[in-house]
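Visitor: I'd like to learn how to read a fold like this one. Could you walk me through it?

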Amino acid sequence: MTALSPKKLLHSKWRALAPRDREKHFLVVAVEYDPLDAQRVTTITLEAVLSRRHYTLPWRALADATQWQRGWR
């Protein structure tokens, strides 16, 4: 996987490799930045496509290839 770019996170598509409650496909719907450094992403909010539930997590969690894969293949 190529390096994650914080500038390309918003509206990106992700697939959970270990889905829970049939939630497998997600969209990044919000990106939160550090209030002291507008260039530094702190957290993201994922929206499950199936249920529309929102999950907030540290943006670097998406780099874990055992949990997340970019795209909806």
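Guide: We'll take the sheet, then the pocket, then two backbone angles.

Guide: One thing up front: this is a predicted model.

Visitor: Fine. In what order do the strands of the sheet sit, and how do they pair?

Guide: With a sheet, follow the pairing rather than the chain. Here 5 strands make an open sheet in the order S4-S3-S2-S1-S5, with antiparallel pairing.

Visitor: Which are the edge strands?

Guide: Look for strands that pair on one side only; here those are S4 and S5, the latter covering residues 68–70.

Visitor: And how much are neighbouring strands turned against each other?

Guide: On average by 35°, if you ignore direction.

Visitor: Let me zoom in on one pair. How many bridges join S2 to S3?

Guide: There are 8 bridges between S2 and S3 (residues 37–48), and the two run antiparallel. If you want a spot to centre your view, try Val 31, whose bridge partner in S3 is Ile 44.

Visitor: On to the pocket. How much space lies in the largest pocket?

Guide: About 250 Å³.

Visitor: Which elements give two or more residues to its lining?

Guide: To read a pocket, go from the space to the residues around it, then to the elements they sit on. In this case the elements are S1 (13–20), S2 (23–34) and S4 (54–58). S1 provides the largest share of the lining, 3 residues.

Visitor: How do the lining residues divide into nonpolar, polar and charged?

Guide: The count is 7 nonpolar, 1 polar and 3 charged. Among the lining residues are Phe 26, Tyr 55 and Trp 68, and also Arg 20, Asp 21 and Glu 23.

Visitor: Asp 21 caught my eye. Where is its place?

Guide: Asp 21 is in the loop between S1 and S2. Its phi is positive, about 55°, although Asp 21 is not a glycine.

Visitor: Why does Asp 21 count as exposed?

Guide: Because its relative accessibility is 56%, and exposed means over 50%. So you have an exposed residue that also belongs to the lining of the largest pocket.

Visitor: You promised two angles. What is the phi of His 11?

Guide: About 70°, so again positive without being a glycine. His 11 lies in the segment before S1.

Visitor: Is His 11 buried or exposed?

Guide: Exposed, because its relative accessibility is 60%.

Definitions and conventions: Residues are numbered from 1 along each chain as its sequence is written. This is a predicted model: local features need pLDDT of at least 70, side-chain atom pairs count only at pLDDT 80 or more; totals for chains, interfaces and linings use all residues. Side-chain values use heavy atoms; hydrogens and water are left out. On a 1 Å grid over the protein atoms alone, a cavity is a set of points where a 1.4 Å probe fits but cannot get out, and a pocket is an open set with protein on both sides within 12 Å along at least five of seven lines; lining residues have an atom within 4 Å of a point. Grid points are joined across faces, edges and corners, and a volume is the space filled by probe spheres set on the points. Helices (H or I, at least four residues) and strands (E, at least two) are DSSP runs, numbered from the N terminus. Ala, Val, Leu, Ile, Met, Phe, Trp, Tyr, Cys and Pro count as nonpolar, Asp, Glu, Lys and Arg as charged, and the others, Gly among them, as polar. Two strands pair if DSSP finds at least two bridges between them. Axes are lines fitted to C-alpha atoms, for helices over the stretch in contact, and angles run from 0 to 180 degrees between N-to-C directions. Buried means under 20% relative accessible area, exposed over 50%, partly exposed in between (1.4 Å probe, protein chains only).
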